[in-house]
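Trainee: I've got a model open and I'd like to learn how to read it. Can you walk me through a few features?

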Amino acid sequence: MTDLAAYGGLFLAAFLAATILPAQSEAALAGLIATGRYPVAALVAVASAGNILGSAANWWLGRGVERFRDRRWFPVSEAALERAQRWYARTGRWSLLLAWVPLIGDPLTVAAGVMREPFWRFLVLVAIGKIGRYLALAGLVGLW
């Protein structure tokens, strides 16, 4: 596998995993770390960038959701969006530190857009959680 394919594939997997599309990136990151061919810091940086940008896409989607939420093609149900909004309103911006958690993280990032969370604050909090998660995963893979 070429370096471009490895890093590009990891970026794409991490980006898609952060959107509301069903995907996951941890296996891709762990597999590339396990090969020993790539610097761990570079892999963590690429996965983090893709994952953070995917969450930013969710935030952007949330900003415009009011126009599209009643359309049949919209990928988030009204009930799921309302649940995420209620949870976000109750827990506040600090819940964005959990944007990496499966099942709740993606709706949280959409809800942050709906709730008009300032983008710079959104990016900082999401980045802390997502980079921390990938660093922890890299550390666990390194222990094997």
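Mentor: Let's go through one helix, one surface patch and a couple of single residues.

Mentor: Ground rules: this is a predicted model, where local features need pLDDT of at least 70, side-chain atom pairs count only at pLDDT 80 or more, and totals for chains, interfaces and linings use all residues. Residues are numbered from 1 along each chain as its sequence is written, and side-chain values use heavy atoms, with hydrogens and water left out.

Trainee: How many residues of H5 are buried?

Mentor: Buried means under 20% relative accessible area, exposed over 50%, and partly exposed in between (1.4 Å probe, protein chains only). Helices are DSSP runs (H or I, at least four residues), numbered from the N terminus. In H5, 8 of the 10 residues are buried, among them Leu 108, Val 110 and Val 114.

Trainee: What do the buried residues of H5 pack against?

Mentor: Contact means heavy atoms within 4.5 Å. The buried residues of H5 pack against H3, H4 and helix H6 (119–143). After H5 comes Arg 116, with a positive phi near 60°.

Trainee: Which residues form the nonpolar patch on the surface?

Mentor: Patch members have over 30% relative accessible area and no salt bridge (side-chain nitrogen of Lys or Arg within 4 Å of a carboxyl oxygen of Asp or Glu); nonpolar side chains (Val, Leu, Ile, Met, Phe, Trp, Tyr) are joined within 5 Å, like charges within 9 Å. Areas come from the Shrake-Rupley method with a 1.4 Å probe, and for residues only the protein chains shown count as cover. Here Leu 98, Trp 100, Leu 103 and Ile 104 form the patch, together about 400 Å² of accessible area. Leu 98 sits in the loop between H4 (78–91) and H5 (105–114).

Trainee: Why does Leu 98 count as partly exposed?

Mentor: Because its relative accessibility is 35%. Glu 66, in helix H3 (residues 40–68), counts as partly exposed too, because its value is 45%.

Note on methods: Helices (H or I, at least four residues) and strands (E, at least two) are DSSP runs, numbered from the N terminus.
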